[in-house]
Each structure stands twice: as C-alpha cells, then as structure tokens.
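Reader: I have the picture open and would like to understand the labels people put on it. Could you walk me through the reasoning behind a few of them?

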Amino acid sequence: MGDRARTPTLTALLCLGAAPKPSIWADPGPMVSRGSPMTIWCQGSLQADVYHLYKDRVSKPLDTEAPQNSSKKAGFSIESMSTHTAGLYQCAYHSRRKGWSERSDPLLLVVTGVYPAPSLSAHPSHVVTSGGNVSLSCSSEVTGDTFYLLKEGGAGPPRQMQSRTFRGRWQAVFSVGPMNASHGGTYRCYYNSSSYPHTWSYPSNPLHLEVTGVYREPSLSAQPGSLVFSGDNLTLQCRSGAGFDRFALTKDEGLTSLQHLHGQHSPYFPLGHVSHTHGGQYRCYSGHNLSHAWSAPSDPLDILIVGMYEKPSISAQPGPSVSWGEKVILQCRSEISLDRFHLSKEGSPAAPQLLRLQDAAVPFQASFTIGPVTSNHEGNYTCYSSDSTFPYLLSLPSDTLELLVSAPSPQDYTVENLIRMGGAALILVVLGILLFQARDSPGRLEDAPRR
C-alpha cells in the first residue's frame, strides 16, 4: 500500500520539473564556407510546441520554428553563410506542461573563405618516423591575429596559436608528436582577425602527414637484378607480410628529406626502360588502405646503371688459379679518371663489393683481396668503374675472369692453415673427426639400450 501511495506523488513531482535542456548542432558542420547554405538543428522533447533560436546570447529570439512532423526537433535554415550569420547560437523550446526549457549549450558557427588562404608546410618533412616530432608551419602574407590547425576527422577542437611575424609574413608553428599512427592524416590551417573572431580565411592547401615505422619492414628486390644496362626493363618488388594492401616506393635524393610517399595496391613497381636517371638508392614501405600509417623502410637497394663509361680491365695476382686456403688479389684498372671500382661475382645475390681509389696517380685502379679461398670463391668475376660524383652510374663491364680453386690436399689440414681459414673451418674439421670416430666404434653403439 505504501509503494502505491508514493507512485502518484513521484509522478507529479516529475511532471512539475523543468523541461530538459535541448541539444543543438549544425548540418553540414559548424564551419561553413561563405555563400553556402546550412541548417541549425535543435532537439528537445516530444511535448515541445515551439522552438526559439538565439544568437550571441541576446535575450530576444532570432527565429522561431515549430517541430517538424510531430518530431522532437526543429530546423533553422540559413540560405547563405556570411560574416553576419557567423557567431554563437543557442536554442530553447516551450511545452504546455513544463513551460520553457533552459537554453542549449552554445554552438559556434564559423564562416570561412573571407580572407586569402594561408600556406601549410611540414618541417623537416611530412613523412615522420613513429616516435619523432614534426613542426607544421601556417603562414600568410595577410595580417592574421590567430591561426588554427585542424585535422580531418579529428574529434577535438581546432588547435589555435597567436601569430608572429617572420620575414614579412605572419605565421604560427604547431608542434605535433611524439608521433604515433593516430597523428597520420590530412591537416589544414586557417587564420582570422581579432576584430572578427568568427570570420576565417580560406583553408590552406591540404597537408598529408604520413607516419612510418608503425609496422615491420618489408623487403625490396630487383628483377632481373640491381645491375642493369641502360635501356633494359627493370621491375622492383616489395615483399611484405600478409594483410598489407598498399605499397610505396621511395628513392633517396641526396641529403634531402623524404618528401614523397604515395601508395599503390600492387607490390610491383615497373620502372620500364631504365636510363641514367633511374640510378639511385631505393626503399619500400607497406601499409593498409585508407591509412596514413606505414611500415619501417626496407633495407636500401642500390640500382646501378651499367654502360656509362668505357670498360675497365681485370686481372688476378698471382693468377686466376689459386690453391685452397691461399689469398688472391683481383685488380680492376681503368684507363680514364674514375675513382670507384665495383667487383661482382656471377650468380651471387650480394651487392657488388666497392672500393674507392686511394692513389690518384695513373693508372686508376683498385685491388680486391679475396681469401683465404675455398670452393665457394670459385666463379666468374667482373669489375666496373664509376665516378663518386655519380655513384650509381657504372662503366661497361670488364671482360670476365674465371677464378679456379684447387681441391684441398691432406697436407692442407695443418694447424697453421686451419687457423688461417678461421674458426668455421676448424669446427667443420673437428665435426668430421668425431663422425669418423663414431663410425669406427660400432661397439659403443651396440652397447646402447635398444628401443
């Protein structure tokens, strides 16, 4: 009985309470370019019979609307945004049972496109390693008191900063970082005048901030190889783990920062018929579609363009036939003034060995020391020459030199030779001795318990 007695009282008290505060929002958004239409929506209660719209906290309503189609919201249309329609808006509603609600939270409407667009740039680059920092500089030739930085799809309000003059321009520098995947995206900036705080400039150019090092690095390879004759077809392939559907290829340009990181869905990058402009150091990245987060860069791959200079000559000292465990010197000599020499072994996946000229006297040559040799060193060797000013442009290949390594004889297995060959050879010999002893000791194996 007591519960039944309290229920009508509680209902009556709720009916006597104030009407809930309405919510307010702008469609398509609170920032609208000058001349564009927009709608301010106010949502209250189903019992609302009229809505009022207020501007800049003035007590008299700016506009009045009835609810739409028996819904609990009303729309206030602005046909063309201008400096006069920008400002701070609130709304309230009236119901016959509860009277007037309190006003909504304020909605700030900003009109853009009133002043010339500023420029937005990233320093040192818009491609930033995870954990690093970047500075976004917004500048204008027109006087701006406050600059604003916005990220597309960002949940927070625009960042703002007072301007300062630098070399005849007004600017603000926004620091972003330490970087993680969430910082990647498209940024724009604006500025305004303190006299008209809700009137902003046109947006700056979009700046796409890319974050690298978020995922494990892929690998980069060249088909048919990293040594290519001018005019040959070349394709680079970026190999990555499963689940990655976007790939980017970059080429180092001297000491400048990485400035281009554009993705494609295929891991193959056909470079076509190569020329001297294709020589350089390449890296690749992998990522996911519609994301500005990338992997760490692959190991660098040097693409060397062959055929830019006359061929050098190659010779072996003391000769092309070497005994097992000995050393051999392959000498590459150029008749023209070139200061870098490259030694390549046919069939080897490794990059060519590189030596720089140490004596500027004629002849121009470099000596590659190989050994102590084993059968793995046998094969065909070619050398190239190049200029350090253009390190990825190589000469024609020298004639091929075939290196022969004679099979080891029992006397080669001396302590002196084994030490000279290094620890790996010593381990192999010891293993061979142990296996030989095991083979000649069958009794020991027979004594072992059988399973």
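**Reasoning behind the labels**

Author: Gladly, starting with one bond: the torsion about the S-S bond of Cys238 and Cys284 is about 75 degrees, so this disulfide is right-handed. Please keep in mind that the model is predicted.

Reader: What makes Cys238 and Cys284 a disulfide?

Author: The sulfur atoms of Cys238 and Cys284 are 2.1 Å apart. A disulfide requires two cysteine sulfur atoms within 2.5 Å, so the pair qualifies. Cys238 sits in strand 22 and Cys284 in strand 25, 46 residues apart, and the bond links these distant parts of the chain.

Reader: Why is Cys238 called buried?

Author: Its relative accessible area is 2%. Buried means under 20%, so Cys238 meets the definition. For Cys284 the value is 0%, so Cys284 is buried as well.

Reader: How many disulfides does the whole structure hold, and what pattern do they follow?

Author: The search finds four. With bonded cysteines counted along the chain, the pattern is 1-2, 3-4, 5-6, 7-8. One of the four joins Cys42 to Cys91, with an S to S distance of 2.0 Å.

Reader: Why is the disulfide of Cys42 and Cys91 called right-handed?

Author: The torsion about its S-S bond is about 80 degrees, so the disulfide is right-handed. Another disulfide is formed by Cys138 and Cys189. Cys138 lies in strand 12 and Cys189 in strand 17, so this pair ties together parts that are 51 residues apart in sequence.

Reader: What makes strand 10 and strand 12 a pair?

Author: Five bridges join strand 10 to strand 12, and the two run antiparallel. Pairing takes at least two bridges, so these strands count as paired. One bridge partner in strand 12 is Ser137, which faces Ser121. Both strands belong to an open sheet of four strands in the order 10-12-16-15. Strand 10 and strand 15 are its edge strands, since each pairs on one side only.

Reader: How do you know that Arg340 has no salt bridge?

Author: The nearest side chain of opposite charge, Asp339, is 5.5 Å away. A salt bridge needs a side-chain nitrogen within 4 Å of a carboxyl oxygen, so Arg340 has none, although it is buried. Arg340 does touch other residues, including Tyr384, Asp387 and Pro391.

Reader: And why is Ile370 called buried?

Author: Ile370 has a relative accessible area of 6%, and the cut-off is under 20%, so the label fits. Ile370 is found in strand 33, and among the residues it touches are Val328, Leu343 and Tyr381.

Note on methods. Residues numbered from 1 in each chain as written. Predicted model: local features only at pLDDT ≥ 70, side-chain atom pairs only at ≥ 80, totals over all residues. Heavy atoms only, no water. Buried < 20%, exposed > 50% of the residue type's maximum accessible area, 1.4 Å probe, protein only. Lys, Arg positive; Asp, Glu negative; His and termini not counted. Contact = heavy atoms within 4.5 Å. Lists of a residue's contacts leave out its neighbours within four places in sequence.
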